[in-house]
Amino acid sequence: MSEIEVPKGLNGVVVDETAVATTDDSGNLLYRGYRAVELAERVDAADVAYLIVNDRLPSDSERKEFAHRLKEHSGMDGKVSEVMKLLKEKDVMRNLRSIVSLYPYESKDDSDLLLEIAARFPRIISDTFRISRGQEPLEDVDASFSERLYYLFTGKKDAEKARYLNKLLILYMEHEFNASTFALRVTASTLADPVSSIVSALATLKGPLHGGANAEILDFFLGFKDEEEARNYVDEKVASKEKIMGFGHRVYKTRDPRAQFVKEEIRKMDKEAHIFKIAEAIENRMWEKKKVPANLDFYAAIYMHMLGIDQNLYTPLFASSRVFGWIAHYNEQLEGNKIIRPSSRYVGKTGREL
Ligand code: COA
């Protein structure tokens with residue numbers, strides 16, 4: 001078999017088919033054929049999760065059944081809570097990855113198990129975040145997907161902020177062959193189990209070039225006194241050829257539609273906010289200097305900050321939403337499975353004698 005050389009990082013390489021999501025010729029992200037930003041504007045996040053997994057929006061009875069299936073796995077195993085106390089680790093993504101790996105799931109069948117894993121994410125995240133900071137876990141609430149998540153992540157009940165969160169959860173839910181989804185598909189392609197596949201995806205999402213980017217943005221951002229200081233920061237980074245988190249994307253080279261949607265939502269929340277003005281100054285300067293657009297994580301970090309969500313929960317929040325995309329890709333990978341195993345061009349030594 002002749003070998004094909006592809007660009008580093010598989011940039012621009014189509015490795016398989018998917019019917020879950022794509023970006024159309026006008027740069028719109030589509031989930032199962034619907035524009036993601038339109039779903040974010042008009043649909044409940046749980047319905048979009050259903051759509052991504054099942055390829056259709058739910059009927060009333062399917063919506064109830066789906067909510068019931070998520071809710072029946074909302075509790076926390078007592079022994080796992082004890083493990084959380086032993087972890088002594090404040091990195092929520094690291095804890096989430098470990099707990100998802102060891103959790104004693106109840107479901108026997110793969111399809112139930114995948115949904116059970118997704119259903120357990122919000123509570124695992126909330127409990128490990130609070131326990132690692134010496135706080136008591138919250139009592140769970142009976143509320144919509146976004147309201148419950150908002151409560152578990154902030155300890156507050158706020159229907160308006162939960163509505164804003166709903167939109168972000170939808171925009172984070174799926175993005176075809178991104179790094180974490182591809183990692184999941186590689187693991188699934190070996191016929192490893194759903195838990196192992198999702199743990200691969202979680203481990204990959206954690207990196208700052210992928211999902212971890214949203215957790216790094218406020219670190220440089222909140223210190224700027226004014227727009228001039230922010231622009232100077234961009235100039236310095238560009239001059240020293242360093243990357244700025246929250247900019248650039250493998251797919252969106254001129255405009256990330258999700259970032260622009262979230263930016264408009266921030267404008268609705270408070271267009272006079274200091275942080276918003278700084279963000280626009282950075283975005284404009286980056287475009288002027290490098291022609292690199294702001295990605296979803298850039299505006300999502302500001303959005304979550306304005307919603308009162310702790311920075312340590314940004315990437316875990318991304319995970320609680322993207323897990324539904326992972327489920328769809330797990331199923332799709334197994335439908336026409338072929339093990340993903342590329343080759344490499346050897347550049348090491350040969351012929352060494354012992
Ligand atoms: N800051 C400054 N310049 C950036 C940049 C950033 N965040 N992202 C890309 N660029 C520049 C690169 O320096 C390169 O410029 P050059 O051609 O002058 O060398 C060009 O844009 C292409 O970037 P490249 O890193 O090759 O693109 P990629 O498709 O391989 O990588 C990312 C995509 C997302 C990994 C990359 O943009 C990045 O590291 N971004 C920061 C992390 C981030 O926000 N991740 C979340 C993604 S949703």
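Modeller: One definition before we start: a helix here is a DSSP run of H or I, at least four residues in length, and the numbering goes from the N terminus. Bear in mind too that this is a predicted model. With that settled, α15 is followed by G308, whose phi is positive, near 80°.

Colleague: What makes you say that α15 is largely enclosed by the rest of the structure?

Modeller: Buried means under 20% relative accessible area. Ten of the eleven residues of α15 (residues 296-306) are buried, so the helix counts as largely enclosed. Among them are L296, D297, F298, Y299 and M306.

Colleague: And which helices do those buried residues pack against?

Modeller: They pack against α8 (159-171), α11 (217-221), α13 (257-270), α14 (274-290) and α16 (314-335).

Colleague: How do you know that N295 caps the N-terminal end of α15?

Modeller: A polar contact needs a pair of N or O atoms within 3.5 Å. A side-chain oxygen of N295 lies 3.0 Å from the backbone nitrogen of D297, so that pair fits the cut-off.

Colleague: Over to helix α9 (residues 179-189), where S189 sits. Why is S189 called buried or exposed?

Modeller: S189 has 2% relative accessibility, and the cut-off for buried is under 20%, so S189 counts as buried.

Colleague: What does S189 touch, leaving out residues up to four places away in sequence?

Modeller: Q333, N337, K338, I339 and I340. A polar atom of the S189 side chain also lies 3.0 Å from the backbone nitrogen of I340.

Colleague: Now I4, in the segment before β1 (21-23). Why is I4 called buried or exposed?

Modeller: Exposed means over 50%, and I4 has a relative accessible area of 75%, so I4 is exposed. Together with V6, L10 and V15, I4 makes a nonpolar surface patch of about 360 Å².

Colleague: Next, the ligand. Which residues come nearest to the ligand?

Modeller: There are 18 residues around the ligand, and K243, I244, G246, F247 and R250 come nearest.

Colleague: What makes the K243 pair a polar contact?

Modeller: A polar side-chain atom of K243 lies 2.7 Å from an oxygen atom of the ligand, and the limit is 3.5 Å, so the pair qualifies. A polar backbone atom of I244 is 2.6 Å from a nitrogen atom of the ligand. For L209, a backbone N or O atom lies 3.0 Å from a nitrogen atom of the ligand. On its own the ligand has 860 Å² of accessible area, and the protein covers 67% of that.

Key. Residues are numbered from 1 along each chain as its sequence is written. This is a predicted model: local features need pLDDT of at least 70, side-chain atom pairs count only at pLDDT 80 or more; totals for chains, interfaces and linings use all residues. Side-chain values use heavy atoms; hydrogens and water are left out. Patches are made of residues with over 30% relative accessible area and no salt bridge: like charges are joined within 9 Å, nonpolar side chains (Val, Leu, Ile, Met, Phe, Trp, Tyr) within 5 Å. Accessible areas come from the Shrake-Rupley method with a 1.4 Å probe; for residues, only the protein chains shown count as cover. A salt bridge is a side-chain nitrogen of Lys or Arg within 4 Å of a carboxyl oxygen of Asp or Glu. Helices (H or I, at least four residues) and strands (E, at least two) are DSSP runs, numbered from the N terminus. Buried means under 20% relative accessible area, exposed over 50%, partly exposed in between (1.4 Å probe, protein chains only). A residue is near a molecule or strand if one of its heavy atoms lies within 4 Å of it. A polar contact is a pair of N or O atoms within 3.5 Å; within protein, one must be able to donate a hydrogen and the other to accept it, and residues adjacent in sequence count only if both atoms are side-chain atoms. Contact means heavy atoms within 4.5 Å.
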